[in-house]
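I opened this notebook to keep track of what I looked up in one structure. The entries follow the order in which I worked.

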Amino acid sequence: MKMFTAAIAFALLGLVLGQTGVVPACDWTDPVSGKRFNFLSLKKDEGWKIRDQSDGGAGGLFSMVYLFNFCSPTPTKCKDRFVGAMEALEVMGQVTETCEILGDLGQQSTTLVDTFDPSKGVRVTYFQGDMCQNSENPVENGSPRRVSFKLLCGSSEESWIQTPVSGQITKCNMEFVLRTPAGCPVSLFSGGILGVLRYLIYAVILFAIYGAAGTFYNKRVNNISGIEAFPHIEFWRKTPAHAFTLVRFVLKKSRVLVDMILARVGKGGSTQSYSSGKGYMTV
């Protein structure tokens with residue numbers, strides 16, 4: 001029954017959180033260090049657009065631009081499909097349909113910038129773009145294009161810059177760097193009150209799914225009715241008593257610790273400690 005309940009819970013949770021279809025990962029956890037990164041702050045409704053910096057990024061009547069996004073496909077299609085990142089011709093400020101795919105939407109990989117130091121940031125890479133031609137590095141011709149977005153940990157968000165890969169900027173293997181808070185590992189309750197509230201909502205949703213699925217199972221399979229059908233009902237009945245016992249234990253230990261500290265302070269001569277007659281120490 002436990003496995004049945006868990007399976008239903010995770011399946012329904014996936015629907016609740018909208019994890020369907022090919023969507024770029026918005027949350028990544030390093031499997032070695034356990035550090036978690038979230039890219040939601042980098043998501044834009046209009047997506048990101050960076051001008052080609054080979055001419056200094058000034059642009060002109062005609063210019064090449066790079067379009068991409070985080071947690072979502074590019075808002076503009078390339079070759080009749082949404083992609084992870086694309087290169088397009090811009091004419092007089094308008095993006096045209098002349099484009100090349102830099103990376104496929106379903107070919108995303110995330111790694112640490114420094115394997116031994118997660119605090120430095122992460123690199124998000126899209127693979128399997130269009131076949132590269134006329135590259136600045138002839139060795140890359142005939143291979144799929146790819147693009148990386150290097151997110152360096154920073155207290156504030158700066159501007160994107162294009163950096164060389166293996167000492168050279170080429171059209172086949174591109175990298176853009178951004179110093180941003182999104183490149184820093186996040187704690188479980190990052191985001192202040194809203195972050196805590198989000199996890200509380202998730203917990204309530206999971207508990208509701210667990211209760212509904214378990215109750216349904218007990219009624220249909222075990223022929224249990226009423227409140228008794230709620231999963232693990234005996235455990236939940238005893239939970240308030242367990243919580244009260246835990247609180248009493250913590251308070252008792254805390255009181256003993258405070259008494260020891262006050263006694264030490266009193267022996268030091270700076271203050272005196274007295275017994276209140278109720279088991280508490282006052283100064």
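The entries below cover aromatic pairs, one proline and one sheet.

Entry 1, model. I am working with a predicted model.

Entry 2, aromatic pairs. I searched the whole structure and got 20 aromatic pairs. I took F207 and W236 first. Their rings are edge-to-face, with 5.2 Å centre to centre and 90 degrees between the planes. I then placed the two residues: F207 is in helix α2 (residues 192–220) and W236 is in helix α3 (residues 233–267). They are 29 residues apart, and the pair links distant parts of the chain.

Entry 3, accessibility of that pair. I looked up F207 and found 39% relative accessibility, so I noted F207 as partly exposed. W236 has 30% relative accessibility and therefore also goes down as partly exposed.

Entry 4, a further partner of W236. Y210 and W236 form an edge-to-face pair too, at 6.3 Å centre to centre with 65 degrees between the planes. Y210 is in helix α2 and W236 in helix α3, 26 residues apart, and this pair links distant parts of the chain. Is Y210 buried or exposed? I list Y210 as buried because its relative accessible area is 16%, and the cut-off for buried is under 20%.

Entry 5, aromatic cluster. I found one cluster formed by F39, W48, Y66, F68, F70, Y126, F149, W160 and F176. I also checked for a charge at W48: the charged end of K44 sits over the ring of W48, 3.7 Å from its centre.

Entry 6, P73. I located P73 in the loop between β4 (62–68) and β5 (85–91). Its relative accessible area is 21%, so P73 is partly exposed. Which residues does P73 touch, leaving aside neighbours within four places in sequence? I recorded contacts with P24, F82, V83 and L105. I also took the C-alpha separation of P73 and G84, which is 5.5 Å, with the two residues eleven residues apart along the chain.

Entry 7, sheet. I traced an open sheet of five strands in the order β7-β8-β9-β11-β10, with mixed pairing. β7 (108–112) and β10 (161–163) are the edge strands, each pairing on one side only. On average, neighbouring strands of this sheet are turned by 25 degrees against each other, direction ignored.

Entry 8, one strand pair. I followed β8 (residues 121–126) and β9 (residues 146–153), which pair in the antiparallel sense over six bridges. In this pairing I found G121 opposite L152 in β9.

How values were computed
Residues numbered from 1 in each chain as written. Predicted model: local features only at pLDDT ≥ 70, side-chain atom pairs only at ≥ 80, totals over all residues. Heavy atoms only, no water. Phe/Tyr/Trp six-rings, centres within 6.5 Å; stacked < 30°, edge-to-face > 60°. Helix = DSSP H or I, 4+ residues; strand = E, 2+ residues; numbered from the N terminus. Buried < 20%, exposed > 50% of the residue type's maximum accessible area, 1.4 Å probe, protein only. Lys NZ or Arg CZ within 6 Å of the ring centre and 35° of its normal. Contact = heavy atoms within 4.5 Å. Pairing = 2+ DSSP bridges. Axes fitted to C-alpha atoms, helices over the stretch in contact; angles between N-to-C directions.
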